[in-house]
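Here are some notes for a colleague who will look at this model before using it. Please read them beside the sequence and the coordinates.

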Amino acid sequence: MKKAGQYFRCIFFFVFSYTVMLPACANQAGVEKAERLWKEYRPLKIRDFGSTQTLSILPLIDYHTMDENLVGEPGVSYLIQTDHHTILFDVGFNQKGTEPSPLECNMKRLGVALQDIDTIVISHNHPDHVGGFENMEKKTFSLGKTQADFTGKRVFTPTPMTYPGLEPACITEATVLGPGIATIGTIPRQLFLLGWTDEQALVVNVANKGVVIIVGCGHQTVPKFLKRVDDIFTEPVYGIIGGLHYPVPDGRIRKFGLDVQPMVSTESPFRGITMEDVQDNIEQIKAVKPAIVALSPHDSSDEALESFRQAFGPAYRELRVGDRIIIGL
Ligand SMILES: [Zn+2]
Ligand SMILES: [Zn+2]
């Protein structure tokens, strides 16, 4: 009997070590590494990178839609147009694996053709930004079930990714992508469950106004991407648009009855995001005095959206599929 007890204690020890202790240690090592890399990195200044008179951001995929003819889902795809370029920023989730995908449906309904797009930028390799889990695992991306022909298009990714018929350019440093358009480079984060995540955001310089920051999921965190933008650019921040990840009190995605987004959004399952964090981030955003703020509902709750509406008043813009945000002339 005593031997059986020892035997079960041994089994429990090994199971506990391999399923809890080792992943927890690896996660903690990743958290420390991400923090160290962030502190060591010194980005170069980008000066005089041009500007656009007009910036148009048309959400093609997000959680809320302008009307019932458009399909909403907890993912991101924005059509960004400047005087010189038309960029597709992320390619949605296609969570249900439908054909056509929500992105393909919405593009058709909004009159957006693939030939209109000259550049594709992927913010980070998470399923709600690359067109599903399968694409994430294969380190690729797709607008729908079939990978469309992107011949002649420029593609920029934050981590090495592949795509049939072309070689996506993996860029980790702050880089100018066109007149008045730049990526802020990747900012690393160790996330519980989803692991190591390098995410980039775009910046567009609107003439006589300042830079508009366009964010995918916002895993970088508000203080870090604001600091990075301040370190790189000389222009003031004019706008902040996109996902900032506030799935409190509840997220948008349920799997096996579990509320997934709060679990994947922090370094530790024991330290979730709170409404106090949302208020703290709001104060940090207020400090840079943006003229336009639009929070993506794909990874933030309606309660968080309401906090932003209250905090920014007339500067706040709804971010909904089909509802174009135009800045400039
Ligand atoms: Zn996301
Ligand atoms: Zn993400």
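Which residue in β2 does P59 stand opposite?

1. The answer to the opening question is Y78, which stands opposite P59; the model is a predicted one, and this pairing should be read with that in mind.

2. The two strands concerned are β1 (residues 54-61) and β2 (residues 77-81), which run antiparallel and are joined by five bridges. On β1 there is also a pairing with β17 (residues 325-328), again antiparallel, through four bridges, and within it T54 has G328 as its bridge partner. Strand β1 is mostly covered, since seven of its eight residues are buried.

3. The zinc ion (ligand 2) takes its donors from H124 (NE2), H126 (ND1), C217 (SG) and H219 (NE2), at 2.1 to 2.7 Å. The angles among these four donor atoms span 89 to 170°, and the site is irregular; four donors would count as tetrahedral if all angles lay between 85 and 135 degrees.

4. The donor residues follow the spacing H-x1-H-x90-C-x1-H in sequence. Distant parts of the chain are linked here, with H126 in the loop between β4 (119-121) and α3 (127-130) and C217, 91 residues apart from it, in the loop between β12 (210-215) and α5 (222-232).

5. Both of these residues are covered: H126 is buried with a relative accessible area of 4%, and C217 is buried with a relative accessible area of 2%.

6. A second metal should be considered together with this site, as the zinc ion (ligand 1) lies 3.9 Å from the zinc ion (ligand 2), and C217 coordinates both.

Methods:
Residues numbered from 1 in each chain as written. Chains lettered and ligands numbered in written order. Predicted model: local features only at pLDDT ≥ 70, side-chain atom pairs only at ≥ 80, totals over all residues. Heavy atoms only, no water. Donors = N, O, S within 2.8 Å, 3.2 Å for Na, K, Ca; no water. Tetrahedral: all angles 85-135°; square planar, octahedral: opposite > 155°, others 65-115°. Buried < 20%, exposed > 50% of the residue type's maximum accessible area, 1.4 Å probe, protein only. Pairing = 2+ DSSP bridges.
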